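Let's take a relaxed walk through this structure. Have the sequence and the 3D view ready, and we'll start inside one sheet before moving outward.

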Amino acid sequence: MQKETKPESSTTVKREVTAARGERRGASQWAVAWRRFRRNKAGLAGLFIVLFFVFIALTSTWLAPYPSRSFQALYEGEAGQPPSWKHPFGTSRAGLDIYSEVLHGTRGDLYVGVGATVVAILIGMVIGAVAGYSRGAGSDVLLMLSQVFYTIPLLPLILLFARVFSILVAQGFGLTLILLLLGVFGWSSISFIVRGEILRVRELEFVQASRAIGASKFRIIFRHIVPNILTPIIITATLFIAGNILTEVVISFLGFGDVNTSTWGITIQEGITYMRTEWWTPVFPGLATLLAVLGFNLVGDGLSDALNPRLRD
Amino acid sequence: MDVLLDIQGLKTYFFTEAGVVKAVDGIDFHVGKDEAVGLVGESGSGKTVTGLSVLRIVPKPGRILAGTIRYEGEDLLSKSEEEMRKVRGSKIAMTFQDPTTSLDPLYTIGNQLLEVIQEHRKGLSKEEALEQAMKLLEMVGIPEPELRVRAYPHELSGGMKQRIAIARALASRPLLLFADEPTTNLDVTVQAQVLKLLEELRDKLKMSLVMITHDMGIIAETTQRVQVLYAGMVAEVAETPSLFRKPRHPYTEALLQAVPRIDQRKELKVIPGNIPNLINPPSGCRFHPRCPYAKELCWQKLPQLEATDDGHMAACHFWRELSLRGV
Amino acid sequence: MMSDQPLLKIINLVKHYPIHRRGVLLKKQIGVVHAVDGVSIDIDPGENVGLVGESGCGKTTLGKTLMYLEEPLSGQVIYDGINMFDAFHSGDTKKIHMIRHGIQMVFQNPYTSLDPRMTVYDILSEPYIIHKHVPKDKWKDTVYELLRMVNLEEYHAERYPHEFSGGQRQRIAIARALAVDPRLIIADEPVSSLDVSIRAQILNLLMDLQKEKGLSYLYISHDLSSVRQVTNRVAVMYLGRIFELSKTDELFINPLNPYTQALLSAVPVPDPERNRTRIILPGEVPSAINPPSGCRFHPRCTYATQICRQEEPSLREVLPEHLTACHYAEKFL
């Protein structure tokens, strides 16, 4: 690093010192995190998988050779066939083309997985935010509420509700019902995270500085606190999606799912009885589940690594 | 003067994701028997890493790349981990800046002292070791040691924790103690207590002390000789009174002029610029971007540590020509 | 240029923190931390008042309460004639805005006092969004002017806090405090987290700004040496009370309180030729939950007698403009 003149003004000095730090690329938290994420091969693989599934979910109507829940193969006398050129994943005993069902199921499972997560985050953030930011009895009550919901065993409760609302299920609202149930009973861990983060960030000096300038509570929460607590929420959300997909599969597998919509779980459930002879019916949707859950988990891990290290050099 | 510790050309680098941090980049340093030497510098100067290097406890991704560290004639860098463990604590000890994190919160004070005592003196029964522990606590001025022995770190104040950390370091009567910013986290009046304690202990145990600090006041009051570090290299070495009276390196002068004094009002002279980046340090003399006397030679060639005509060692091309101000 | 009316008048300010223990269902209050226990000081326009003390003395709490970041238990703070707490409680927006415009704060930790998600431009223009005292088309110019005032460059505005060093961040924090054009800045340990060679930059900047803009400061610090250089008057705090208050040089040359004396003698001087007798205090700073009876310093004081244990000395003027809280202050004259 050459210099022509003696260090006269502190400006020249500063320019140099900052130049020595390296050229400036995008320096926002997100840009830095993205660069770090890019270097994580597992995370990238996960992202690729997730995007792949999203693509399928969006285009399944056109990609799939057969419409959802179409038993056409039965009428064509091709039910119960192993994988072939016409039916790459084989057909179920009842006449479903498994390949089409897996494709359509992607949409169903992503709908539940992402939808439930969105509901859980919305509820969890609001409750967690109020619990974290307010002081006094209200905050304690909300905390207790979160703790109660946290300890409720999710699965039995959902099964119960699914049975109770079986009419809705029969009318094809099954997936939405499951989505809502998963969201409504799953928000508690999000609220803990949000509350914890708010407690931490609330005492940080830049928040106090904003109060000192005269910022309104609204501004403090949405301009200062929320952007700074997004990181753990995003990571949890990714992992939630994976978990919710899995839970959907379990619910459907247990027979509480919606028979009228294509999901991986339903397909597995229908095929499990004849697993020995027609293994392809449960196995392919099972693999799809595995892959999707893996993908989201890898993305979650990758995000965790990329977003977490403190940005001080 | 008998030399206890002799470091030559030490280089310790940290291999991080962002690049190679040249934390210690060629440091010569020696400590004599029964001597109190200061290692003064700001953040990034390499003073703490030097101490960690001697004990070979540099955390990853750091590594000692070059140099020799001789203690009582033996080369520490060629020792095995097993052998180093015998050195640590019993021959050379170190205390750290934050006593809260250097004591394990899960164990009582007594437990932690016993651990050290029994490590270096096998064959002591538990009662004998406990007695030793209490004597140590008394030695560092902890009142009611019988009670404190059962206490957990979080029940004690900062000052007491630091004393206990010192007690633990001295459990095996090492001849050399590295004290890394021992009073920085403490209140002023407690700081005075701890400094006095270190002085008394040094006197009683005939121990050599390396005082690692950024505080020029502590250097003035506790050391006989001092080494000034900047950005991983040595800027100046001198006897303490002489360093303050007539520094031979511009950084030393700048530091002395920038530091406020409690006993007089003075103008604080600003050192422009910032501490340099250790991944990409400035070329030539690392202080040149901030040095008011810098000339072309300074950024072209790295100055070597030379002996001056008044007993100092200075790493500056122009120590002969410059007439620098002391306090 | 001083007027008759002090800019800030603090009258008997008290702030306690409750200590709770978690019960089965509810919290129970089991004690109180006497953080600030009756403090009265005045700050005149253009004056720099130092507030020194060790940990637990309450100086940071005092600063925060003055900014109304904490709700006081009792006492009054009058800013430029406005009763601060009344204004906040009544919701009088005009008065609240005057207070928020008038008093600003610079915090200790430059790494947490700037929102890491905002650019410098956002941080410095936030006051304009809130107070609307600068029209939008003038924001850029005003932000650049602020940066220049603290010796930073215009191109720094688009950067994020983590791209700056500690000293630079502190300058940004100072620029932010200046954005509302305040008359009083409360600086809470503004240089403690910075390297020695950087401290002088910030301290000199603060002093320059004071001269240029006629600002007042409340300079809170445990670093007595820097307090000596930058302040006009100093107050020494111990366990929530003021123990001594006088002009700076006077306090450092002629302390009239045993605690102040011990405090001053404990600070090492960067000059090996100076031989000093050190007063080493026994024990540690006691907890603020149960402060000692009578004079709070009596357990550690060499001169303590019966009256010191029983009666808390009041802060009284022993020499012109030199106040101290000690029963035996006259002994030190």
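## A strand in the middle of things

Start with a single pairing: B:Gly38 has B:Val226 of strand S9 in chain B as its bridge partner. Keep in mind that this is a predicted model. B:Gly38 belongs to strand S3 (residues 36-40) of chain B, and four bridges join S3(B) to S9(B), with the two running parallel.

Now look at the other neighbour. B:Val226 also has a bridge partner in S10(B), namely B:Ala238. Close by in the list of pairs, B:Gln227 is matched with B:Val237 of S10(B). Altogether, S9 (residues 225-230) and S10 (residues 233-239) of chain B pair in the antiparallel sense over six bridges. As general background, strands of a sheet pair through backbone hydrogen bonds, either parallel or antiparallel.

What links S9(B) to S10(B)? The two form a hairpin with two residues between them, and B:Ala231 in the turn has a positive phi of about 50°.

## Covered on both sides

Is S9(B) mostly covered or mostly open? It's mostly covered: six of its six residues are buried. On one side sit B:Arg225, B:Gln227 and B:Leu229, on the other B:Val226, B:Val228 and B:Tyr230, and all of these are buried. The split follows a general habit: in a regular strand the side chains alternate between the two faces of the sheet.

## The whole sheet

Zoom out a little. S9(B) is one of eight strands in an open sheet of chain B, ordered S6-S7-S8-S3-S9-S10-S12-S11, with mixed pairing. The edges are strand S6 (92-95) and strand S11 (306-307) of chain B, each pairing on one side only.

A helix packs on this sheet too: H7 (residues 158-169) of chain B touches S6 and strand S7 (176-180) of chain B. The direction of H7(B) makes about 170° with that of S6(B).

## The largest nonpolar core

Next, the core. The largest nonpolar core has 265 residues, and C:Ile186, C:Val236 and C:Ile242 touch the most other members. Helix H5 (residues 98-133) of chain A gives the most to this core, with 13 residues. Chain B takes part as well, with at least three residues from each of domain 1 (3-229) and domain 2 (231-314).

Which residues does C:Ile242 contact, leaving aside its neighbours within four places in sequence? They are C:Val39, C:Ile41, C:Ala235, C:Val236, C:Met237, C:Leu315 and C:Ala325.

## Where the chains meet

Chains A and C come together through 21 residues from chain A and 27 residues from chain C. On the chain A side, helix H1 (10-20), helix H10 (205-213) and helix H11 (217-253) each give two or more residues, and H10(A) has the largest share with eight residues. By class, that side divides into nine nonpolar, nine polar and three charged residues.

Chain C also meets chain B, with 36 residues of chain C in contact with 40 residues of chain B. Helices H7 (196-213), H8 (224-230), H9 (248-253) and H10 (258-266) of chain C each give two or more residues to that side. H7(C) provides the largest share, six residues. The chain C side has 17 nonpolar, 10 polar and nine charged residues.

Methods
Residues are numbered from 1 along each chain as its sequence is written. Chains are lettered from A and ligands numbered from 1 in the order in which they are written. This is a predicted model: local features need pLDDT of at least 70, side-chain atom pairs count only at pLDDT 80 or more; totals for chains, interfaces and linings use all residues. Two strands pair if DSSP finds at least two bridges between them. Two residues are in contact if their C-beta atoms, placed from the backbone, lie within 7 Å. Axes are lines fitted to C-alpha atoms, for helices over the stretch in contact, and angles run from 0 to 180 degrees between N-to-C directions. A residue is buried if 20 or more other C-beta atoms lie within 10 Å of its own, exposed if 12 or fewer, and partly exposed in between; C-beta atoms are placed from the backbone. A nonpolar core is a set of buried Ala, Val, Leu, Ile, Met, Phe, Trp, Tyr and Cys residues joined through C-beta atoms within 7 Å. Domain bounds come from an automatic or database domain assignment. Ala, Val, Leu, Ile, Met, Phe, Trp, Tyr, Cys and Pro count as nonpolar, Asp, Glu, Lys and Arg as charged, and the others, Gly among them, as polar.
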